[in-house]
Amino acid sequence: MHDSTVHTLLQGAPVGVQQVDDIEGLSAIHHPGNAAVIWHRHPLKSFQNWIDTLPPENLPSARIILRPDGVRDAVTHLCDRAGTPDCANRTRLIDDIAALSDIFASTMRARWLRLRLDLVTTNACRKFHVDAVQARLVCTYRGTGTQYGTGQTGSDPDRVFTVPASSPIILRGTRWPEHPASGLLHRSPPIEGTGETRLLLVLDPVDEPEDEI
């Protein structure tokens with residue numbers, strides 16, 4: 001990214017964004033004043049090199065609603081369908097998605113999850129916004145991470161921060177009972193024309209699948 005307002009480091013992040021050191025710390029989204037929680041972690045270099053160099057057609061993608069205990073089998077099937085090479089790094093990816101799904105479902109007391117594995121090459125969701133959900137987990141495994149900052153809906157924040165690759169972030173949405181609103185906004189980074197392919201995991205809590213469109 002060439003925008004000088006984008007800070008890849010998390011020092012000086014907005015008030016209301018908490019960093020944690022382990023997966024259990026993501027439950028801090030329930031703490032008063034936390035509009036977002038980031039598990040700041042460093043992926044293994046071997047894993048990051050593997051996923052960064054896979055042909056995009058071999059990356060798993062889907063949008064499905066399922067129970068948390070079905071995530072591992074579902075993602076394994078998606079990898080098989082995409083032709084993702086069966087190796088230790090594929091297992092790490094599947095294990096990680098399953099673990100994040102378990103902790104997010106537990107944190108949100110969700111019986112079901114909407115799971116998305118999105119391949120992004122355009123400026124999808126490039127405007128800063130708040131999601132129309134109670135809360136959402138996003139983890140970018142490949143490419144530039146989610147960007148965030150404090151501001152008013154419809155305008156860009158004065159300072160923009162980027163979540164590191166493979167660091168999950170949980171963000172409160174418009175359905176979170178929060179008063180007053182924190183003003184924390186986020187977006188997908190504008191990458192159209194760069195040749196970049198992002199792979200991101202998105203998890204939303206679902207109460208009743210039959211109520212979902």
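How many salt bridges does a search of the whole structure find? The search finds nine, a salt bridge being a side-chain nitrogen of Lys or Arg within 4 Å of a carboxyl oxygen of Asp or Glu. This is a predicted model, in which local features need pLDDT of at least 70, side-chain atom pairs count only at pLDDT 80 or more, and totals for chains, interfaces and linings use all residues. Residues are numbered from 1 along each chain as its sequence is written, and side-chain values use heavy atoms, leaving out hydrogens and water.

**Salt bridges**

- Asp80 pairs with Arg90, with the closest N and O atoms 2.9 Å apart.
- Asp80 lies in helix α2 and Arg90 in helix α3 (DSSP runs of H or I, at least four residues, numbered from the N terminus), so the pair ties together parts 10 residues apart in sequence.
- Arg90 is buried at 7% relative accessible area (buried is under 20%, exposed over 50%, partly exposed in between, with a 1.4 Å probe and protein chains only).
- Asp80, at 49%, is partly exposed.
- Asp204 and Arg136 meet at 2.6 Å, N to O, and both are buried.
- Arg114, Asp131, Arg136 and Asp204 are linked in a network of salt bridges.

**Nonpolar core**

- The largest nonpolar core (buried Ala, Val, Leu, Ile, Met, Phe, Trp, Tyr and Cys residues joined through side-chain atoms within 4.5 Å) has 40 residues.
- Helix α3 gives this core its largest share, eight residues.
- Leu201 is among the residues with the most contacts inside this core.
- Beyond its neighbours within four places in sequence, Leu201 is in contact (heavy atoms within 4.5 Å) with residues including Ile97, Leu100 and Tyr141.

Technical notes: Helices (H or I, at least four residues) and strands (E, at least two) are DSSP runs, numbered from the N terminus.
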